[in-house]
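Dear colleague,

I am passing on the structure we spoke about, together with my notes on what turned up in it. Please look through the model alongside the text.

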Amino acid sequence: MRTLPLALVAVLSMGVARADVAPPPPDTGEGTWYGSMRQVNSEGEERYPMTLVLSEHGGATDYPKLRCGGELERLGSASGGYVIYKETITRGAFDKRKGDGCVDGVVIIHAENDALVLGWFGAFDGEPMLASARLTRGQFDSR
């Protein structure tokens, strides 16, 4: 008969120990961010507005001038507060027939003070494509 009370005490004490563990702090990068992307590829450089919405496990991108956007899947965190995402274009993906659209890529972000620094890497037709942005919360600012 002693086994049952000891098992009950063990189960209850595990529950108390778990209740004492605080949940992780919220990610400071979560929310909606706006800014201007600067993209560099083999044909030159261009700038265009973007919106980034981040949540705990992923997010969404919108590039209104390019008429495309995508979903972000969080892949992991690197040291120093960097977070890595896989971007899959879900609207306006590259269409070979038209020769127009956006390509999938990898996004790395770092929240710093009131800004979010973003780096993007993708490949198209055997050539690297790079883009970066400094995003802020609130209204879009095209600077």
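Glutamate 73 stands opposite lysine 86 in strand 5, and on the other side of the pairing scheme glutamate 73, which belongs to strand 4, is the bridge partner of glycine 58. Please keep in mind throughout that this is a predicted model.

Strand 4 (residues 68-77) pairs with strand 3 (residues 58-63) in the antiparallel sense, over six bridges. Besides the bridge between glycine 58 and glutamate 73, there is one between aspartate 62 and glycine 69 of strand 4. Strand 3 and strand 4 form a hairpin with four residues between them, and in its turn arginine 67 has a positive phi of about 55°. Strand 4 is also joined to strand 5, by eight bridges and again with the two strands running antiparallel. The hairpin of strand 4 and strand 5 likewise has four residues between its strands, and there glycine 80 takes a positive phi near 80°.

These pairings belong to a barrel, into which eight strands close in the order 1-2-3-4-5-6-7-8 with antiparallel pairing. Neighbouring strands of this sheet are turned by 30° against each other on average, if direction is ignored. The chain has one helix and eight strands, and from the N terminus on its elements run α-β-β-β-β-β-β-β-β, with the helix ahead of the strands.

The next point is the largest pocket, which holds about 610 Å³ of space. It is lined by 27 residues, of which Gln39, Asn41, Glu46, Gly101 and Met129 are the closest to its centre. The elements that give two or more residues to this lining are strand 1 (31-41), strand 2 (44-54), strand 5 (82-91), strand 7 (115-124) and strand 8 (127-137). Strand 2 gives the most, with four residues.

Finally, some values for the chain as a whole. Of its 143 residues, 27% count as buried, while the accessible surface comes to about 9700 Å², with 57% of that area belonging to carbon and sulfur atoms. Among contacts between residues at least 6 apart in sequence, 36% join residues that are at least 24 apart.

If you open the model at one place, I would suggest strand 4, where glutamate 73 has glycine 58 as its bridge partner and stands opposite lysine 86 in strand 5.

With best regards

Note on methods. Residues are numbered from 1 along each chain as its sequence is written. This is a predicted model: local features need pLDDT of at least 70, side-chain atom pairs count only at pLDDT 80 or more; totals for chains, interfaces and linings use all residues. Side-chain values use heavy atoms; hydrogens and water are left out. Two strands pair if DSSP finds at least two bridges between them. Axes are lines fitted to C-alpha atoms, for helices over the stretch in contact, and angles run from 0 to 180 degrees between N-to-C directions. Buried means under 20% relative accessible area, exposed over 50%, partly exposed in between (1.4 Å probe, protein chains only). Contact means heavy atoms within 4.5 Å. Accessible areas come from the Shrake-Rupley method with a 1.4 Å probe; for residues, only the protein chains shown count as cover. On a 1 Å grid over the protein atoms alone, a cavity is a set of points where a 1.4 Å probe fits but cannot get out, and a pocket is an open set with protein on both sides within 12 Å along at least five of seven lines; lining residues have an atom within 4 Å of a point. Grid points are joined across faces, edges and corners, and a volume is the space filled by probe spheres set on the points.
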